[in-house]
Amino acid sequence: MGEDMAEQFDVVVIGAGFGGLHMLWKLRGLGESAVALERAGDVGGTWYWNRYPGARCDVPSVEYSVPWDRELEQEWDWSERYSAQPEILAYIEEVARRHDLKRDIRFETTVTAITRDEERGLWVVETDTGTPFEAPVVISAAGCLSTPNLPDIPGIEDFARPLHHTGRWPHDPVGFEGKNVGVIGTGSTGVQASTAIAAEAGHLFVFQRTAQYSLPALNRPLTKDEKAEAKRTYGKLRHVQRNSFGAATIEPPMAMKAFAIAKEKRFAEYERRWNIGRQDLLAAFADIGTDAEVNAEVSEWVRGKIRGIVDDPDLAEKLCPTVNPFGTRRIIMDTGYFEIFNQDNVSLVDIREDPIARITQTGAQLESGRFIELDMLVIATGYDAVTGPLLDMNITGKGGQKLNDKWAHGPETWLGLMMHGFPNLFTITGPQSPTVHANVIMAIEQHVDWIADCLQYMDTEGIAEIEPRHESEVEWAMTVAAIGSANLRAKDTNNWYLGQNVPGKPVSYMTYQGGLDRYRKVCDEVAADGYRGFDLRRMDAAADA
Ligand code: N01
(Lines give C-alpha, C1' and ligand atoms only; values in the text may rest on other atoms or scores of the structure.)
Protein backbone atom coordinates (compact mmCIF):
# COMPACT_ATOMS: atom_id res chain seq x y z
CA MET A 1 0.00 0.00 0.00
CA GLY A 2 1.57 3.28 -1.06
CA GLU A 3 1.75 6.17 1.35
CA ASP A 4 0.37 8.45 -1.34
CA MET A 5 -2.96 6.60 -1.20
CA ALA A 6 -3.49 7.51 2.42
CA GLU A 7 -5.96 10.18 3.42
CA GLN A 8 -4.44 12.70 5.82
CA PHE A 9 -6.16 14.28 8.80
CA ASP A 10 -5.25 16.01 12.05
CA VAL A 11 -7.20 13.39 13.97
CA VAL A 12 -8.73 9.99 13.21
CA VAL A 13 -11.63 9.08 15.49
CA ILE A 14 -12.78 5.48 15.73
CA GLY A 15 -16.50 4.92 16.18
CA ALA A 16 -19.67 6.89 15.52
CA GLY A 17 -21.68 6.21 18.65
CA PHE A 18 -22.25 8.82 21.33
CA GLY A 19 -18.47 9.06 21.94
CA GLY A 20 -17.38 9.41 18.33
CA LEU A 21 -20.09 11.95 17.50
CA HIS A 22 -19.28 14.11 20.51
CA MET A 23 -15.55 14.00 19.75
CA LEU A 24 -16.10 14.84 16.08
CA TRP A 25 -18.24 17.83 17.00
CA LYS A 26 -15.69 19.04 19.53
CA LEU A 27 -12.78 18.70 17.08
CA ARG A 28 -14.62 20.81 14.54
CA GLY A 29 -14.89 23.53 17.16
CA LEU A 30 -11.12 23.36 17.60
CA GLY A 31 -10.60 23.71 13.86
CA GLU A 32 -9.01 20.27 13.54
CA SER A 33 -9.58 18.21 10.42
CA ALA A 34 -11.01 14.90 11.53
CA VAL A 35 -12.60 11.77 10.16
CA ALA A 36 -14.50 9.10 12.06
CA LEU A 37 -14.26 5.46 10.95
CA GLU A 38 -17.27 3.32 11.73
CA ARG A 39 -17.79 -0.40 11.19
CA ALA A 40 -21.60 -0.05 11.07
CA GLY A 41 -23.70 1.26 8.22
CA ASP A 42 -24.82 4.28 10.20
CA VAL A 43 -24.42 6.21 13.44
CA GLY A 44 -25.49 4.87 16.83
CA GLY A 45 -22.78 2.57 18.16
CA THR A 46 -24.28 0.15 20.66
CA TRP A 47 -27.76 1.41 19.76
CA TYR A 48 -27.17 0.64 16.09
CA TRP A 49 -26.25 -2.98 16.80
CA ASN A 50 -28.53 -3.84 19.72
CA ARG A 51 -31.88 -3.99 17.94
CA TYR A 52 -33.05 -7.04 19.85
CA PRO A 53 -36.64 -7.02 21.12
CA GLY A 54 -36.95 -5.27 24.45
CA ALA A 55 -33.68 -3.31 24.10
CA ARG A 56 -34.06 -0.29 26.30
CA CYS A 57 -31.89 2.02 28.33
CA ASP A 58 -31.51 1.41 32.07
CA VAL A 59 -30.78 5.09 32.70
CA PRO A 60 -33.75 7.52 32.59
CA SER A 61 -34.08 8.95 29.05
CA VAL A 62 -33.84 12.58 30.15
CA GLU A 63 -30.51 11.84 31.85
CA TYR A 64 -29.31 9.71 28.94
CA SER A 65 -29.08 12.63 26.51
CA VAL A 66 -26.22 14.71 25.16
CA PRO A 67 -25.25 17.55 27.48
CA TRP A 68 -23.60 19.58 24.71
CA ASP A 69 -26.65 20.59 22.69
CA ARG A 70 -28.77 22.90 24.81
CA GLU A 71 -31.22 23.50 21.95
CA LEU A 72 -31.85 19.81 21.47
CA GLU A 73 -32.61 19.50 25.18
CA GLN A 74 -35.49 21.90 24.60
CA GLU A 75 -36.65 20.47 21.29
CA TRP A 76 -36.55 16.72 21.92
CA ASP A 77 -39.44 15.00 23.68
CA TRP A 78 -38.66 11.66 25.28
CA SER A 79 -41.78 9.53 25.20
CA GLU A 80 -40.99 7.17 28.09
CA ARG A 81 -39.17 7.20 31.37
CA TYR A 82 -36.78 4.59 29.93
CA SER A 83 -36.54 4.85 26.17
CA ALA A 84 -36.52 1.89 23.86
CA GLN A 85 -33.74 1.35 21.33
CA PRO A 86 -35.61 2.76 18.27
CA GLU A 87 -36.22 6.07 20.04
CA ILE A 88 -32.60 6.35 21.22
CA LEU A 89 -31.33 5.54 17.74
CA ALA A 90 -33.67 8.19 16.27
CA TYR A 91 -32.27 10.64 18.82
CA ILE A 92 -28.66 9.86 17.83
CA GLU A 93 -29.67 10.26 14.18
CA GLU A 94 -31.04 13.69 15.04
CA VAL A 95 -27.82 14.66 16.83
CA ALA A 96 -25.83 13.68 13.73
CA ARG A 97 -28.27 15.42 11.37
CA ARG A 98 -28.46 18.77 13.10
CA HIS A 99 -24.66 19.02 13.35
CA ASP A 100 -24.10 17.57 9.88
CA LEU A 101 -21.68 15.06 11.38
CA LYS A 102 -22.15 12.31 8.81
CA ARG A 103 -20.11 14.19 6.22
CA ASP A 104 -17.00 13.36 8.26
CA ILE A 105 -17.85 9.71 8.94
CA ARG A 106 -16.83 6.75 6.81
CA PHE A 107 -19.37 3.99 7.40
CA GLU A 108 -18.86 0.28 6.79
CA THR A 109 -15.19 0.87 7.43
CA THR A 110 -13.58 -1.53 9.88
CA VAL A 111 -10.20 -0.67 11.32
CA THR A 112 -7.83 -3.58 10.76
CA ALA A 113 -4.56 -2.11 12.08
CA ILE A 114 -3.25 1.03 13.76
CA THR A 115 0.52 1.45 13.54
CA ARG A 116 2.77 4.23 14.78
CA ASP A 117 5.12 5.56 12.12
CA GLU A 118 7.74 7.00 14.43
CA GLU A 119 9.76 8.64 11.70
CA ARG A 120 6.84 10.70 10.49
CA GLY A 121 5.17 11.09 13.89
CA LEU A 122 1.90 9.67 12.57
CA TRP A 123 -0.55 6.89 13.17
CA VAL A 124 -1.33 4.84 10.09
CA VAL A 125 -4.86 3.47 10.35
CA GLU A 126 -5.59 0.62 7.97
CA THR A 127 -9.14 -0.43 7.13
CA ASP A 128 -10.99 -3.19 5.32
CA THR A 129 -11.94 -0.74 2.56
CA GLY A 130 -8.32 -0.59 1.45
CA THR A 131 -7.97 3.11 2.14
CA PRO A 132 -5.46 3.90 4.89
CA PHE A 133 -5.83 7.04 6.96
CA GLU A 134 -2.98 8.95 8.55
CA ALA A 135 -3.01 11.41 11.41
CA PRO A 136 -0.71 12.44 14.24
CA VAL A 137 -3.54 11.77 16.68
CA VAL A 138 -5.97 8.85 17.00
CA ILE A 139 -8.89 8.86 19.40
CA SER A 140 -10.69 5.59 20.01
CA ALA A 141 -14.39 5.88 20.73
CA ALA A 142 -14.89 2.21 19.92
CA GLY A 143 -16.98 1.68 23.05
CA CYS A 144 -16.77 -0.79 25.93
CA LEU A 145 -19.43 -3.28 24.92
CA SER A 146 -18.99 -3.68 21.20
CA THR A 147 -17.09 -6.95 20.76
CA PRO A 148 -19.61 -9.80 21.15
CA ASN A 149 -18.68 -12.71 23.41
CA LEU A 150 -19.81 -15.90 21.69
CA PRO A 151 -20.30 -18.88 24.00
CA ASP A 152 -17.96 -21.81 23.46
CA ILE A 153 -20.78 -24.35 23.66
CA PRO A 154 -19.92 -27.50 21.66
CA GLY A 155 -21.80 -27.77 18.40
CA ILE A 156 -23.17 -24.22 18.39
CA GLU A 157 -21.93 -23.75 14.83
CA ASP A 158 -24.05 -26.78 13.79
CA PHE A 159 -27.36 -25.15 14.68
CA ALA A 160 -29.19 -25.07 11.35
CA ARG A 161 -31.98 -22.67 12.30
CA PRO A 162 -31.86 -18.89 12.88
CA LEU A 163 -29.32 -17.89 15.51
CA HIS A 164 -28.82 -14.24 16.51
CA HIS A 165 -26.39 -12.61 18.92
CA THR A 166 -28.26 -9.71 20.49
CA GLY A 167 -25.36 -7.37 19.73
CA ARG A 168 -25.58 -8.16 16.01
CA TRP A 169 -29.35 -8.27 15.67
CA PRO A 170 -30.75 -8.31 12.09
CA HIS A 171 -32.31 -5.17 10.64
CA ASP A 172 -35.25 -7.09 9.18
CA PRO A 173 -38.02 -7.92 11.65
CA VAL A 174 -37.59 -11.24 13.48
CA GLY A 175 -40.86 -13.05 14.24
CA PHE A 176 -41.28 -15.36 17.22
CA GLU A 177 -44.92 -16.32 16.88
CA GLY A 178 -45.52 -20.03 17.31
CA LYS A 179 -41.79 -20.70 17.60
CA ASN A 180 -39.75 -22.50 20.23
CA VAL A 181 -37.18 -19.87 21.09
CA GLY A 182 -34.11 -20.41 23.30
CA VAL A 183 -32.38 -17.46 24.95
CA ILE A 184 -28.91 -18.17 26.35
CA GLY A 185 -27.85 -15.62 28.97
CA THR A 186 -29.63 -13.80 31.75
CA GLY A 187 -27.71 -10.51 32.05
CA SER A 188 -29.30 -7.12 31.27
CA THR A 189 -29.67 -8.16 27.64
CA GLY A 190 -31.08 -11.64 28.18
CA VAL A 191 -33.56 -10.34 30.72
CA GLN A 192 -34.82 -7.61 28.38
CA ALA A 193 -34.96 -9.92 25.36
CA SER A 194 -36.67 -12.78 27.23
CA THR A 195 -39.32 -10.45 28.65
CA ALA A 196 -40.20 -9.19 25.17
CA ILE A 197 -39.97 -12.56 23.40
CA ALA A 198 -42.19 -14.23 26.03
CA ALA A 199 -45.08 -12.07 24.83
CA GLU A 200 -44.92 -13.58 21.36
CA ALA A 201 -43.13 -16.93 21.30
CA GLY A 202 -44.88 -20.27 21.09
CA HIS A 203 -42.56 -21.34 23.88
CA LEU A 204 -39.58 -19.55 25.38
CA PHE A 205 -36.74 -21.48 27.03
CA VAL A 206 -34.52 -19.25 29.17
CA PHE A 207 -31.12 -20.92 29.60
CA GLN A 208 -29.82 -19.60 32.91
CA ARG A 209 -26.31 -20.30 34.19
CA THR A 210 -26.37 -17.70 36.96
CA ALA A 211 -29.48 -16.14 38.46
CA GLN A 212 -29.27 -12.35 38.60
CA TYR A 213 -30.56 -9.49 40.70
CA SER A 214 -33.10 -7.47 38.76
CA LEU A 215 -35.17 -4.52 39.94
CA PRO A 216 -38.39 -3.20 38.44
CA ALA A 217 -37.73 -0.21 36.17
CA LEU A 218 -41.34 0.97 36.56
CA ASN A 219 -41.18 2.25 33.01
CA ARG A 220 -44.12 4.33 31.79
CA PRO A 221 -44.87 7.17 29.38
CA LEU A 222 -43.65 10.57 30.58
CA THR A 223 -46.44 13.03 31.24
CA LYS A 224 -46.64 16.46 29.60
CA ASP A 225 -45.74 18.05 32.92
CA GLU A 226 -42.74 15.81 33.44
CA LYS A 227 -41.42 16.66 29.99
CA ALA A 228 -41.85 20.39 30.63
CA GLU A 229 -40.18 20.10 34.05
CA ALA A 230 -37.24 18.21 32.52
CA LYS A 231 -36.74 20.99 29.99
CA ARG A 232 -36.88 23.63 32.71
CA THR A 233 -34.32 21.85 34.88
CA TYR A 234 -31.71 20.51 32.46
CA GLY A 235 -29.13 22.99 33.80
CA LYS A 236 -29.55 21.69 37.32
CA LEU A 237 -29.51 18.09 36.11
CA ARG A 238 -26.20 18.55 34.31
CA HIS A 239 -24.69 20.08 37.44
CA VAL A 240 -25.79 17.08 39.51
CA GLN A 241 -24.54 14.66 36.86
CA ARG A 242 -21.12 16.30 36.61
CA ASN A 243 -20.67 16.26 40.36
CA SER A 244 -21.89 12.83 41.33
CA PHE A 245 -20.39 9.36 41.55
CA GLY A 246 -22.33 7.84 38.67
CA ALA A 247 -23.51 11.01 36.88
CA ALA A 248 -26.96 10.05 38.06
CA THR A 249 -29.80 11.50 40.09
CA ILE A 250 -29.86 8.41 42.31
CA GLU A 251 -30.50 9.36 45.93
CA PRO A 252 -27.31 9.47 47.98
CA PRO A 253 -26.88 6.79 50.65
CA MET A 254 -28.22 7.36 54.14
CA ALA A 255 -25.65 9.07 56.34
CA MET A 256 -25.08 6.14 58.71
CA LYS A 257 -23.84 2.59 58.26
CA ALA A 258 -26.69 0.16 57.59
CA PHE A 259 -26.51 -1.70 60.89
CA ALA A 260 -26.51 1.55 62.83
CA ILE A 261 -30.28 1.70 62.46
CA ALA A 262 -33.04 -0.74 63.36
CA LYS A 263 -33.89 -3.60 60.99
CA GLU A 264 -37.41 -2.36 60.33
CA LYS A 265 -36.09 1.08 59.33
CA ARG A 266 -33.53 -0.53 57.02
CA PHE A 267 -36.20 -2.67 55.41
CA ALA A 268 -38.48 0.35 55.00
CA GLU A 269 -35.63 2.11 53.20
CA TYR A 270 -35.07 -0.90 50.93
CA GLU A 271 -38.79 -0.96 50.13
CA ARG A 272 -38.91 2.78 49.43
CA ARG A 273 -35.95 2.59 47.10
CA TRP A 274 -37.26 -0.56 45.33
CA ASN A 275 -40.38 1.44 44.50
CA ILE A 276 -38.46 4.35 42.92
CA GLY A 277 -37.83 2.27 39.80
CA ARG A 278 -34.14 3.16 39.44
CA GLN A 279 -30.97 1.65 40.85
CA ASP A 280 -31.40 3.52 44.14
CA LEU A 281 -31.55 0.34 46.22
CA LEU A 282 -27.86 -0.25 45.58
CA ALA A 283 -27.10 3.10 47.20
CA ALA A 284 -29.39 2.73 50.24
CA PHE A 285 -26.34 2.52 52.53
CA ALA A 286 -22.74 3.18 51.54
CA ASP A 287 -21.60 -0.12 53.04
CA ILE A 288 -23.83 -2.33 50.84
CA GLY A 289 -20.94 -2.62 48.39
CA THR A 290 -18.25 -3.20 50.98
CA ASP A 291 -19.69 -5.00 54.03
CA ALA A 292 -20.50 -8.64 53.34
CA GLU A 293 -23.06 -8.91 56.14
CA VAL A 294 -24.97 -5.83 55.05
CA ASN A 295 -24.85 -7.02 51.49
CA ALA A 296 -26.10 -10.47 52.49
CA GLU A 297 -29.11 -8.84 54.12
CA VAL A 298 -30.05 -6.80 51.02
CA SER A 299 -29.41 -9.80 48.77
CA GLU A 300 -31.82 -11.89 50.84
CA TRP A 301 -34.34 -9.03 50.88
CA VAL A 302 -34.29 -8.97 47.05
CA ARG A 303 -34.66 -12.75 46.94
CA GLY A 304 -37.79 -12.27 49.06
CA LYS A 305 -39.17 -9.98 46.35
CA ILE A 306 -38.50 -12.60 43.66
CA ARG A 307 -40.25 -15.28 45.76
CA GLY A 308 -43.18 -12.88 46.03
CA ILE A 309 -43.46 -12.53 42.23
CA VAL A 310 -42.91 -16.09 40.99
CA ASP A 311 -45.85 -18.40 41.77
CA ASP A 312 -43.99 -21.74 41.72
CA PRO A 313 -41.75 -21.84 44.84
CA ASP A 314 -39.20 -24.25 43.32
CA LEU A 315 -38.90 -22.12 40.21
CA ALA A 316 -38.62 -18.98 42.34
CA GLU A 317 -35.70 -20.55 44.21
CA LYS A 318 -33.91 -21.26 40.92
CA LEU A 319 -34.40 -17.62 39.91
CA CYS A 320 -32.99 -16.35 43.21
CA PRO A 321 -29.41 -15.13 42.80
CA THR A 322 -27.00 -16.70 45.26
CA VAL A 323 -23.68 -16.95 43.43
CA ASN A 324 -22.66 -13.29 43.61
CA PRO A 325 -23.42 -10.52 46.09
CA PHE A 326 -26.05 -7.88 45.29
CA GLY A 327 -24.71 -5.10 43.07
CA THR A 328 -21.32 -6.57 42.20
CA ARG A 329 -22.60 -7.09 38.68
CA ARG A 330 -24.58 -4.42 36.92
CA ILE A 331 -28.02 -4.25 38.49
CA ILE A 332 -30.60 -5.18 35.89
CA MET A 333 -33.67 -2.99 35.42
CA ASP A 334 -36.59 -5.02 34.14
CA THR A 335 -40.13 -4.61 32.93
CA GLY A 336 -41.83 -7.71 34.24
CA TYR A 337 -39.01 -10.25 33.91
CA PHE A 338 -39.75 -12.51 36.87
CA GLU A 339 -43.46 -12.32 35.99
CA ILE A 340 -42.92 -14.13 32.64
CA PHE A 341 -42.13 -17.30 34.59
CA ASN A 342 -45.77 -17.43 35.65
CA GLN A 343 -46.73 -17.87 31.97
CA ASP A 344 -47.36 -21.33 30.54
CA ASN A 345 -45.23 -20.63 27.47
CA VAL A 346 -42.05 -19.87 29.45
CA SER A 347 -39.62 -22.40 30.96
CA LEU A 348 -36.43 -21.85 32.86
CA VAL A 349 -33.62 -24.22 31.96
CA ASP A 350 -31.13 -24.23 34.83
CA ILE A 351 -27.89 -24.99 33.01
CA ARG A 352 -25.83 -24.74 36.18
CA GLU A 353 -27.69 -27.84 37.38
CA ASP A 354 -27.99 -29.50 33.97
CA PRO A 355 -25.48 -27.94 31.52
CA ILE A 356 -25.88 -27.87 27.75
CA ALA A 357 -23.80 -30.81 26.50
CA ARG A 358 -24.02 -29.64 22.93
CA ILE A 359 -26.13 -27.74 20.45
CA THR A 360 -27.33 -29.86 17.57
CA GLN A 361 -28.85 -28.84 14.26
CA THR A 362 -32.27 -28.61 15.87
CA GLY A 363 -31.86 -27.81 19.53
CA ALA A 364 -30.05 -28.15 22.83
CA GLN A 365 -28.91 -31.46 24.24
CA LEU A 366 -28.52 -31.26 28.03
CA GLU A 367 -26.10 -33.40 30.02
CA SER A 368 -29.01 -35.22 31.67
CA GLY A 369 -30.11 -36.49 28.26
CA ARG A 370 -33.02 -34.06 27.98
CA PHE A 371 -33.36 -32.60 24.48
CA ILE A 372 -35.03 -29.23 23.83
CA GLU A 373 -36.04 -28.63 20.24
CA LEU A 374 -35.58 -25.01 19.19
CA ASP A 375 -36.66 -23.05 16.11
CA MET A 376 -34.41 -20.15 17.01
CA LEU A 377 -31.49 -19.40 19.32
CA VAL A 378 -30.93 -15.96 20.81
CA ILE A 379 -27.40 -15.53 22.16
CA ALA A 380 -27.29 -12.97 24.96
CA THR A 381 -23.89 -13.90 26.35
CA GLY A 382 -22.46 -10.40 26.54
CA TYR A 383 -19.19 -8.91 25.43
CA ASP A 384 -15.43 -9.06 25.52
CA ALA A 385 -15.86 -5.83 27.40
CA VAL A 386 -13.74 -2.71 27.80
CA THR A 387 -10.40 -3.99 26.44
CA GLY A 388 -11.87 -6.19 23.66
CA PRO A 389 -12.69 -3.40 21.18
CA LEU A 390 -9.17 -1.92 21.49
CA LEU A 391 -7.38 -5.24 21.26
CA ASP A 392 -9.42 -6.10 18.18
CA MET A 393 -7.79 -3.28 16.22
CA ASN A 394 -4.24 -4.69 16.02
CA ILE A 395 -2.54 -1.64 17.52
CA THR A 396 1.25 -1.33 17.28
CA GLY A 397 3.05 1.46 19.10
CA LYS A 398 6.62 2.67 19.36
CA GLY A 399 9.38 0.15 18.73
CA GLY A 400 6.90 -2.28 17.20
CA GLN A 401 5.23 -2.98 20.55
CA LYS A 402 1.82 -4.62 20.20
CA LEU A 403 -0.92 -3.43 22.54
CA ASN A 404 -1.98 -7.09 22.89
CA ASP A 405 1.47 -7.90 24.32
CA LYS A 406 1.53 -4.86 26.57
CA TRP A 407 -1.86 -5.83 27.99
CA ALA A 408 -1.20 -9.56 28.20
CA HIS A 409 -1.85 -9.39 31.96
CA GLY A 410 -4.54 -6.72 31.85
CA PRO A 411 -4.78 -3.08 30.80
CA GLU A 412 -2.00 -0.62 31.70
CA THR A 413 -2.86 3.06 31.26
CA TRP A 414 -2.37 6.47 32.78
CA LEU A 415 -5.81 7.69 33.94
CA GLY A 416 -7.55 5.28 31.59
CA LEU A 417 -6.83 7.80 28.85
CA MET A 418 -3.47 6.93 27.28
CA MET A 419 -0.78 4.24 27.22
CA HIS A 420 3.02 4.40 27.54
CA GLY A 421 4.57 3.52 24.19
CA PHE A 422 1.51 4.73 22.28
CA PRO A 423 1.90 8.52 21.98
CA ASN A 424 -1.07 10.62 20.86
CA LEU A 425 -3.46 7.68 21.12
CA PHE A 426 -6.39 8.56 23.36
CA THR A 427 -9.20 6.28 24.52
CA ILE A 428 -12.70 7.53 25.31
CA THR A 429 -14.27 5.48 28.14
CA GLY A 430 -11.31 3.14 27.88
CA PRO A 431 -10.00 0.62 30.43
CA GLN A 432 -9.22 1.90 33.95
CA SER A 433 -11.60 4.84 33.56
CA PRO A 434 -15.11 5.00 35.12
CA THR A 435 -16.75 3.92 31.82
CA VAL A 436 -19.97 2.04 32.55
CA HIS A 437 -19.93 2.79 36.30
CA ALA A 438 -21.33 6.19 35.33
CA ASN A 439 -23.98 7.29 32.88
CA VAL A 440 -21.77 6.64 29.90
CA ILE A 441 -22.80 9.78 28.00
CA MET A 442 -21.48 11.86 30.88
CA ALA A 443 -18.33 9.74 31.16
CA ILE A 444 -17.83 10.41 27.45
CA GLU A 445 -18.27 14.14 27.97
CA GLN A 446 -15.56 14.24 30.64
CA HIS A 447 -13.12 12.41 28.36
CA VAL A 448 -13.98 14.43 25.25
CA ASP A 449 -13.47 17.70 27.15
CA TRP A 450 -10.19 16.53 28.69
CA ILE A 451 -8.82 15.33 25.35
CA ALA A 452 -9.92 18.52 23.57
CA ASP A 453 -8.23 20.67 26.24
CA CYS A 454 -5.10 18.57 25.92
CA LEU A 455 -5.00 18.94 22.12
CA GLN A 456 -5.48 22.68 22.48
CA TYR A 457 -2.67 22.85 25.02
CA MET A 458 -0.41 20.92 22.65
CA ASP A 459 -1.22 23.31 19.79
CA THR A 460 -0.59 26.38 21.90
CA GLU A 461 2.65 25.08 23.37
CA GLY A 462 3.98 23.62 20.12
CA ILE A 463 3.92 20.08 21.46
CA ALA A 464 3.91 17.33 18.89
CA GLU A 465 3.63 14.28 21.13
CA ILE A 466 2.15 13.41 24.48
CA GLU A 467 2.87 10.04 26.05
CA PRO A 468 2.43 8.82 29.60
CA ARG A 469 5.43 7.56 31.52
CA HIS A 470 5.63 3.95 32.57
CA GLU A 471 5.73 4.95 36.26
CA SER A 472 2.44 6.84 35.80
CA GLU A 473 0.82 3.61 34.66
CA VAL A 474 2.16 1.81 37.73
CA GLU A 475 0.74 4.58 39.95
CA TRP A 476 -2.66 4.39 38.24
CA ALA A 477 -2.79 0.59 38.41
CA MET A 478 -2.25 0.82 42.17
CA THR A 479 -4.99 3.45 42.54
CA VAL A 480 -7.46 1.43 40.46
CA ALA A 481 -6.67 -1.78 42.36
CA ALA A 482 -6.85 -0.14 45.79
CA ILE A 483 -10.34 1.20 45.06
CA GLY A 484 -11.46 -1.96 43.30
CA SER A 485 -10.30 -4.35 46.00
CA ALA A 486 -12.38 -2.53 48.64
CA ASN A 487 -15.58 -3.52 46.81
CA LEU A 488 -17.23 -6.92 47.26
CA ARG A 489 -17.06 -7.15 43.46
CA ALA A 490 -13.44 -8.24 43.93
CA LYS A 491 -14.80 -11.49 45.41
CA ASP A 492 -16.96 -12.24 42.38
CA THR A 493 -15.88 -15.15 40.22
CA ASN A 494 -17.44 -14.41 36.86
CA ASN A 495 -17.75 -10.71 36.35
CA TRP A 496 -17.25 -8.88 33.09
CA TYR A 497 -16.00 -5.78 34.94
CA LEU A 498 -13.03 -7.94 35.93
CA GLY A 499 -12.64 -9.69 32.58
CA GLN A 500 -13.73 -13.04 34.03
CA ASN A 501 -16.52 -13.68 31.53
CA VAL A 502 -14.24 -14.42 28.58
CA PRO A 503 -12.23 -17.66 28.74
CA GLY A 504 -8.50 -16.92 28.73
CA LYS A 505 -8.88 -13.18 29.34
CA PRO A 506 -6.58 -11.88 32.09
CA VAL A 507 -8.43 -11.05 35.30
CA SER A 508 -7.82 -7.47 36.34
CA TYR A 509 -9.55 -4.33 37.56
CA MET A 510 -10.62 -3.15 34.13
CA THR A 511 -12.52 -0.13 35.39
CA TYR A 512 -11.96 2.75 37.80
CA GLN A 513 -14.56 2.29 40.54
CA GLY A 514 -13.97 5.51 42.45
CA GLY A 515 -16.75 7.55 40.81
CA LEU A 516 -16.85 9.98 37.91
CA ASP A 517 -16.75 13.01 40.24
CA ARG A 518 -13.52 11.92 41.95
CA TYR A 519 -12.02 10.80 38.65
CA ARG A 520 -12.77 14.16 37.03
CA LYS A 521 -10.85 15.92 39.81
CA VAL A 522 -7.81 13.67 39.34
CA CYS A 523 -7.77 14.23 35.57
CA ASP A 524 -8.20 18.00 35.98
CA GLU A 525 -5.41 18.18 38.54
CA VAL A 526 -3.06 16.29 36.23
CA ALA A 527 -3.81 18.75 33.41
CA ALA A 528 -3.49 21.79 35.68
CA ASP A 529 -0.14 20.45 36.82
CA GLY A 530 1.22 20.76 33.27
CA TYR A 531 0.11 17.21 32.35
CA ARG A 532 1.90 15.54 35.22
CA GLY A 533 3.01 12.00 34.50
CA PHE A 534 3.24 12.56 30.74
CA ASP A 535 6.24 13.21 28.53
CA LEU A 536 5.50 16.16 26.28
CA ARG A 537 7.72 16.42 23.22
CA ARG A 538 7.99 19.61 21.21
CA MET A 539 7.91 19.56 17.40
CA ASP A 540 11.71 19.69 16.97
CA ALA A 541 12.41 17.22 19.80
CA ALA A 542 9.89 14.74 18.43
CA ALA A 543 11.51 15.00 15.00
CA ASP A 544 14.97 14.41 16.52
CA ALA A 545 13.70 11.41 18.49
O1 N01 B 1 -24.02 -9.49 29.14
P2 N01 B 1 -23.60 -10.07 30.58
P3 N01 B 1 -25.24 -8.56 28.75
N4 N01 B 1 -23.12 -20.50 28.53
O5 N01 B 1 -22.14 -10.39 30.45
C6 N01 B 1 -24.32 -15.86 30.25
C7 N01 B 1 -25.00 -3.38 29.28
N8 N01 B 1 -26.40 -3.44 28.89
O9 N01 B 1 -25.20 -8.37 27.28
O10 N01 B 1 -23.48 -15.04 34.67
C11 N01 B 1 -24.21 -20.05 29.16
O12 N01 B 1 -24.01 -9.17 31.66
C13 N01 B 1 -23.84 -15.27 31.54
O14 N01 B 1 -23.91 -16.24 32.56
P15 N01 B 1 -22.92 -16.15 33.83
C16 N01 B 1 -24.89 -3.47 30.79
O17 N01 B 1 -23.81 -2.69 31.23
C18 N01 B 1 -27.16 -2.39 29.19
O19 N01 B 1 -26.51 -9.05 29.35
O20 N01 B 1 -21.57 -15.79 33.27
N21 N01 B 1 -24.40 -18.80 29.56
C22 N01 B 1 -24.82 -14.12 31.70
O23 N01 B 1 -26.04 -14.57 32.19
C24 N01 B 1 -24.62 -4.93 30.96
O25 N01 B 1 -24.01 -5.27 32.17
C26 N01 B 1 -28.46 -2.39 28.86
O27 N01 B 1 -22.98 -17.47 34.44
C28 N01 B 1 -23.41 -17.93 29.31
C29 N01 B 1 -25.01 -13.65 30.25
O30 N01 B 1 -24.66 -14.74 29.43
C31 N01 B 1 -23.73 -5.19 29.76
O32 N01 B 1 -24.32 -4.46 28.73
C33 N01 B 1 -29.04 -3.48 28.25
C34 N01 B 1 -22.22 -18.32 28.66
C35 N01 B 1 -24.12 -12.50 29.92
O36 N01 B 1 -24.45 -11.39 30.69
C37 N01 B 1 -23.64 -6.63 29.35
O38 N01 B 1 -24.93 -7.22 29.47
C39 N01 B 1 -28.25 -4.55 27.94
C40 N01 B 1 -22.10 -19.68 28.26
N41 N01 B 1 -21.02 -20.11 27.64
C42 N01 B 1 -26.92 -4.52 28.26
N43 N01 B 1 -21.44 -17.25 28.56
C44 N01 B 1 -29.25 -1.21 29.19
O45 N01 B 1 -30.28 -1.33 29.73
C46 N01 B 1 -22.10 -16.23 29.13
N47 N01 B 1 -23.29 -16.64 29.58
C48 N01 B 1 -28.69 0.12 28.88
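The following dialogue asks how a ligand shell and a pocket in this predicted model are defined.

Student: What kind of model is this, and which atoms count?

Tutor: This is a predicted model, in which local features need pLDDT of at least 70 and side-chain atom pairs count only at pLDDT 80 or more, while totals for chains, interfaces and linings use all residues. Residues are numbered from 1 along each chain as its sequence is written, and side-chain values use heavy atoms, with hydrogens and water left out.

Student: What makes R56 one of the residues that surround the ligand?

Tutor: A residue is near a molecule if one of its heavy atoms lies within 4 Å of it; 25 residues surround the ligand, and R56, T189, R209, T210 and N494 are the closest, so R56 belongs to the shell.

Student: Why is the pair formed by R329 and the ligand called a polar contact?

Tutor: The term requires a pair of N or O atoms within 3.5 Å; an N or O atom in the side chain of R329 is 2.9 Å from an oxygen atom of the ligand, so the pair qualifies. For the side chain of R330 the corresponding distance is 3.4 Å, and a backbone N or O atom of D58 lies 3.2 Å from a ligand oxygen.

Student: How do you know which classes make up the shell around the ligand?

Tutor: Ala, Val, Leu, Ile, Met, Phe, Trp, Tyr, Cys and Pro count as nonpolar, Asp, Glu, Lys and Arg as charged, and the others, Gly among them, as polar; the shell therefore divides into 9 nonpolar, 11 polar and 5 charged residues.

Student: Which classes line the second largest pocket?

Tutor: Its lining has 6 nonpolar, 3 polar and 8 charged residues.

Conventions:
Polar contact = N/O pair within 3.5 Å; in protein donor to acceptor, adjacent residues only side chain to side chain.
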